[in-house]
Amino acid sequence: MKKEESVGAKEYSLLQKIDSPQALKVLPDDQIPSLAKEIRSFLIERVSENGGHLASNLGAVEFTLAIHRVFETPKDHLIFDVGHQCYVHKLMTGRMEQFGTLRQSGGMSGFPKRCESEHDCFGTGHSSTSLSAALGFAEADRMSGSDAFTVCVVGDGAYTGGMIHEALNNCSKDLRLIIILNENEMSISKNIGRFAKELSHLRASKGYFKTKRTVSGVLSRVPFLGKHMISFLQRVKRLFKTVLYGSNVFENLGLFYFGPVDGNDEAAVEKLLREAKASGESCIIHLKTKKGKGYAEAEEKPDKFHGMSPASQKKKGSTFSAQMGDALCAMAEQEPNICAITAAMADGTGLNGFRKRFPERFFDVGIAEEHAVTFAAGLAANGYRPAVAIYSTFLQRAYDNIIHDVALQGLPVVFLVDRAGMNLGDGPTHYGVFDVAFLSQIPKLPIYTPVTEQALRRAMERAFHSDGPVAIRYPNGCESPRVAEEFYGGAEKGDDTVVRPNYEPFDTPDAVIVTHGRIVEEALRASDLLRERSVRVGILLLEQVAPYGMIAEQVARRLPQKAATVLLLEEEIRNGGMGMLLSEELKKLDVMKNKRLITMALEDPFVIPGKGEGCLRAAGLDAEAIVRAIENSMK
């Protein structure tokens, strides 16, 4: 594809010239505002078309430009927390032409990715990991004698995560580490009026730093008393500043603090970065930016423009997240001890309605999944029924808390595990493919796996009347009409079973697929293909996978008596997953003696689809692969 065709040469004349950070460095200062305007226009166009994170990237334009004008990647290390605000960085490092493939199969990742570019020194996708990694880079450079800098960009949302504070506690003054704190939503610093602004302006001036370095240099050469004089002046300065300006947590930790400053003023940020670079010590640069800057709708409603779906992707109905939120509200109306907890994802997990209707029973703990789970354990131990709504990929962070604080004590906490299964757009960092395996190892923890709205509501009713912990995992998006009809349109619609067949008991299929989750749609497609080849396939859809002994007995009652292939199918990891554990239980039963038992599961949890390839095809779990497995087993 020609450049003119892909991005519009006239509209992005400046942006097209930037194929590397070096090209940005030689751009005249007076052209930077025009470049920033072109970048915003480009991002709005491309993200609106292909989906992705818009508001956060619109707010990160100027300070990202400043970073690349001051530092030398890949020699210097640039690490973004979460990483969803790295689009401008990718534009400045020669990836403009790849933006047409953003978040698509075989395309450019929506997060920094080491194998994608030498300028992406560390892969991210989960929050609050950046500073720990940055410390690793900075300490490695110190030990090896490198003069490289490490720049770490942390948003105020990520700043709520515990790992950031653990890392701050381990920062030493003598590293070439620059931490950029990007405040675009919550107020971290208190407003102390004109004096704060004047002091910030003073500390951002070249004269301030020049004087500071000169005085320190002169005094350090004074025999015997020099070091003591420097220490005394520093204590006096801190006392004076504390009385007039207030205590600063960063400088109390030994980090030099710059700011706050307008992060959407490229020249101001660039000046601070150059002074921080010259300071010779670890620094915090505090920026205030506007999420969605330059796009009125995104500025007004940044949450709406945080993560956008492609323009071609139309919603087909209410999502599982929304259905869960509605069901939880209905139950909370009847049960005054039900409360909801989120780790900064009220909108993504469908809890906004609950927050509005039951504010006194809603808790957003920030990006702190470990705390969320143990906090829920405390609520449960004192008589409440907490629901913890967390994406599958983020629940991994709280595994110890689930075991030690909830399961060990048998506390009635309901884990609402959102975005379960493989998710193409965000790639492996957001695959929800480990939760079945790691939750299956916890004794007395039922795991429900609804894939229709009806099944989700049934699971929630059961969960909130349980006397111990329960996990309910469900996929992103909406239910499939065909799945709802095939498994819930018959006579068993209102019964209490957790194994849903799509064939009548008197049928005798040649093969039976036992599965759970959204991959049942591939199972249905495979059954259609096999029917064309005169192979009859029945499907058992599991609403629950654990405890496995009970599920095995229910599955066995629905298997044909004759010899047949039984395929256990899932889109989660094989080791410790449903297929492995359920097959062990089934083999104990007499009904399996004349059956061919095979398992299909995810062998590579980090699989990346090629161009135009879906996740399941890349993983070898699509309908065609299922057909091959069944046909091979029948030979």
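This is a chat about the fold, surface and salt bridges of a predicted model.

Colleague: What kind of model is this, and how are residues numbered?
Modeller: It's a predicted model, where local features need pLDDT of at least 70, side-chain atom pairs count only at pLDDT 80 or more, and totals for chains, interfaces and linings use all residues. Residues are numbered from 1 along each chain as its sequence is written, and side-chain values use heavy atoms, with hydrogens and water left out.

Colleague: OK, how many helices and strands are there?
Modeller: The protein chain has 27 helices and 19 strands. Those are DSSP runs numbered from the N terminus: helices are H or I with at least four residues, strands are E with at least two.

Colleague: And what share of the residues is buried?
Modeller: 56% of the 635 residues count as buried. Buried is under 20% relative accessible area, exposed is over 50%, and partly exposed is in between (1.4 Å probe, protein chains only).

Colleague: What about contacts in the protein chain?
Modeller: Taking contacts between residues at least 6 apart in sequence, 77% join residues at least 24 apart. A contact here means heavy atoms within 4.5 Å.

Colleague: Switching to charges, how many salt bridges does the structure hold?
Modeller: It holds 35. Each needs a side-chain nitrogen of Lys or Arg within 4 Å of a carboxyl oxygen of Asp or Glu.

Colleague: Which residue does Lys288 pair with?
Modeller: Lys288 meets Glu183, at 3.4 Å from N to O. Lys288 sits in strand E6 (residues 283-288) and Glu183 in strand E4 (residues 177-183), so the salt bridge ties together parts 105 residues apart in sequence.

Colleague: Are those two buried or exposed?
Modeller: Lys288 is partly exposed at 33% relative accessible area, while Glu183 is buried at 5%.

Colleague: What does Arg419 pair with?
Modeller: Asp418, with 3.0 Å from N to O. Asp418 is buried, at 0% relative accessibility, and Arg419 counts as buried too, at 17%.

Colleague: How about Arg536, what's its partner?
Modeller: That's Asp510, with the closest N and O atoms 3.6 Å apart. Arg536 is in the loop between helix H23 (520-531) and strand E16 (537-542), and Asp510 is in the loop between strand E14 (499-501) and strand E15 (511-515), 26 residues apart. Arg536 is partly exposed at 47% relative accessibility, and Asp510 is buried at 16%.

Colleague: Which residues do shared partners join into one network?
Modeller: Asp29, Arg69, Glu266, Glu270 and Arg274, through salt bridges that share partners.
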